[in-house]
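Hi,

Here is the model I said I would pass along. Have a look at it first, and my notes follow underneath.

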Amino acid sequence: MTEAWAPKLASMQQAIAEHVPSGSMVVLGAQLEQMIPFAAGHEIMRQGRRDLTLVGPISDILFDQMIGAGCVSRVMAAWVGNASAGMGYCFRRAVEKRVPRAIETVDHTNLTLALALHAGAMGVPFMPTYTTLGSDLLKRNGNLREFASPVNEERLVAVRALRPDVAILNVQRADAAGNAHLWGSLGVAVDAARASRKVIVIAEEIVAPEIIASDPNRTLIPGFLVAAVVHEPGGAHPAPVQGYYGRDHAFFHDYHEQTREVEGFERWLKHWVTEVPSREFYLKRVGEARLESLRVRDHALSAPADFGF
Amino acid sequence: MVAAAAREIRDSELVFVGMRLPMIAFGVAKRTHAPHATGLFESGVIRETPAPELLYTMGDPSNLRKATYCGDMLYVMTLLQQGRVNVGFLGAAEVDRFGNLNTTWGNRNGQQIRLPGSGGACDIASLAQRTVVLLEHSRQRLVPRVGHITSPGNGTGNGWRREQGLPLRSGPSAVITTLGVLRFGDDGEAYLASVHPGVSVEEVLSNTGWTLRVAEDLATTPEPNPAELAAIREIDPQHFWTKS
């Protein structure tokens, strides 16, 4: 590949250094349990970013790790924990005991967070909804405001638009210009890309532009929205990437067991993040046998769509 | 508990499937009495066939392959807002006598504990035609008044949901616990509708944090039938989500 059409390709280190300064509002985990950008989150932790606002519906354990590492001052999420094992202990320590630091929580629901990003993506100040009426979330989240409908007699909730600084999205494949194919459950990924000022695409594979152009319906992130493209195979582990690798359930459960106390989390952080120089090193640490057990054994290719004329 | 949850799903219904036990309940219903039910998952998945293997999360690759639809969360969540979803399942740390749920702030020995939060729970409780709650039966979990309304039930009683502006056809339908099944009267308050086999009414009452009303026609929850038991074992052979 030539330099001329590869201006956005960057290493993870470069992409985070350039596009995720301290104080940023960052979308991570937009596809819920699928394709969580763990490699990007770990690089943010290694580079010692501070005062981040994390935005995501449910983050599985990535938000918990970044909170434990002291990178975060605010969380805007519907749910923070460990999807298959239970609570997130770093999140609890931060909220209950201000360890390692106090964080502000802005409690959303999945629908209100999706609507906040949708409003951002649409370029309007809010989206209306019925959800949260009567709940304490409505009372305590200043981004949710009740209002009288201008077209009928109903009362609704206005969900204030979010315009994050950067969305970090793992995808199956992209070209060097950032045009990205992603498939499977998408959560809020598409609206997150459109609402954010910048997008970092983390791709399992970098492919030729012709491959992406062969299926424009699957190009859910057009390259002009993308600031950097990082080729990082295995970048979502222990989360799954449909068609590439499965979910490492045991890793989530081990994390749960090992991070109950702050000392355990510190050991975990050192072993899996701070003393790990690269994703390649990380994957060696996960181990060949374990990665092999997560490989796709039974591929299921979709039928091609004919774009001919 | 799982079998009782599965029976809340009627055939051909649109079902919002929550995390953990509801994923098993949906699989059991599909394999037994509700083969035409459709499952909705907030990650952006719609399935008319149960996933072929045990799900640890709704984002597991086996839940996406051969799905009816994969795509945006909003596509799925707005079906709820349209009023199309017949029943949604939820877990909770606390439920109160009017079916309000708390999954944000817990209480352990007088100490406040920060819980993960709503996820899609508030959306389901606000917008699904019927909401079914699954939780362990204890005085700590079934409380007179939740400390924080994460997901609205009947608020303070009859008429409350309408006053708040919530959809007319929505609200709590059942609370399925480890001891029995609670349902809701016209006044919006919960009552004991059935006890599980081998459980006494006294046991339920002494483990409930308020004076729970008991139905005049109190029933015994039917035992899981062989087909339901077989389905539960087929879906969760290692008992990861189902304890017994």
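**What I found**

Start with a pairing in chain B: B:Val95 has B:Leu101, in strand 7 of chain B, as its bridge partner. Please keep in mind throughout that this is a predicted model. The two strands concerned are strand 6 of chain B, residues 94–96, and strand 7 of chain B, and they run antiparallel to each other over two bridges. Both belong to an open sheet of three strands in chain B, with the order 7-6-11 and mixed pairing. Strand 7 (101–102) and strand 11 (142–143) of chain B are the edges, each pairing on one side only.

A little further along chain B there is a hairpin. Strand 8 of chain B (residues 105–108) and strand 9 of chain B (residues 111–114) are antiparallel, with four bridges between them. One of the pairs to look for is B:Trp105 with B:Arg114, the latter in strand 9 of chain B. Two residues sit between the strands of this hairpin, and B:Asn109 has a positive phi near 50°.

Strand 9 of chain B also turns up where the two chains meet. The contact draws 45 residues from chain B and 48 residues from chain A. On the chain B side, the elements that supply at least two residues each are helix 3 (61–64), helix 4 (73–81), strand 9, helix 5 (121–127) and helix 6 (160–164) of chain B. Sorted by class, that side of chain B has 19 nonpolar, 19 polar and seven charged residues.

Now chain A as a whole. I count 12 helices and 15 strands in chain A. Its C-alpha trace spans about 60 × 55 × 35 Å along the principal axes. The radius of gyration of chain A is 20 Å, and this agrees with a compact globule because a chain of 309 residues would then be expected near 19 Å. Half of the story is inside: 50% of the 309 residues of chain A count as buried. Taking the contacts in chain A between residues at least 6 apart in sequence, 74% join residues at least 24 apart.

How is chain A divided into domains? The assignment gives domain 1 of chain A as 24–109 + 166–294, and domain 2 of chain A as 112–160. Measured is not the word for a model, but by calculation the centres of these two domains of chain A are 27 Å apart, over C-alpha atoms. Where they touch, 11 residues of domain 1 of chain A contact 13 residues of domain 2 of chain A. On the domain 1 side, strand 7 (104–107) and helix 7 (189–195) of chain A are the elements giving two or more residues. Helix 7 of chain A makes the largest contribution to that side, with four residues. By class, the domain 1 side has six nonpolar, two polar and three charged residues.

One last spot in chain A: is A:Gly287 buried or exposed? A:Gly287 counts as exposed, because it has 10 C-beta neighbours inside 10 Å, and 12 or fewer is the cut-off for that class. You will find A:Gly287 in the loop between helix 11 (279–286) and helix 12 (288–294) of chain A. From A:Gly287 to A:Ala158 the separation is 129 residues in sequence and 48 Å in space, C-alpha to C-alpha.

Cheers

How values were computed
Residues are numbered from 1 along each chain as its sequence is written. Chains are lettered from A and ligands numbered from 1 in the order in which they are written. This is a predicted model: local features need pLDDT of at least 70, side-chain atom pairs count only at pLDDT 80 or more; totals for chains, interfaces and linings use all residues. Two strands pair if DSSP finds at least two bridges between them. Domain bounds come from an automatic or database domain assignment. Two residues are in contact if their C-beta atoms, placed from the backbone, lie within 7 Å. Ala, Val, Leu, Ile, Met, Phe, Trp, Tyr, Cys and Pro count as nonpolar, Asp, Glu, Lys and Arg as charged, and the others, Gly among them, as polar. The radius of gyration is taken over C-alpha atoms; the globule rule is 2.2 Å times the number of residues to the power 0.38. A residue is buried if 20 or more other C-beta atoms lie within 10 Å of its own, exposed if 12 or fewer, and partly exposed in between; C-beta atoms are placed from the backbone.
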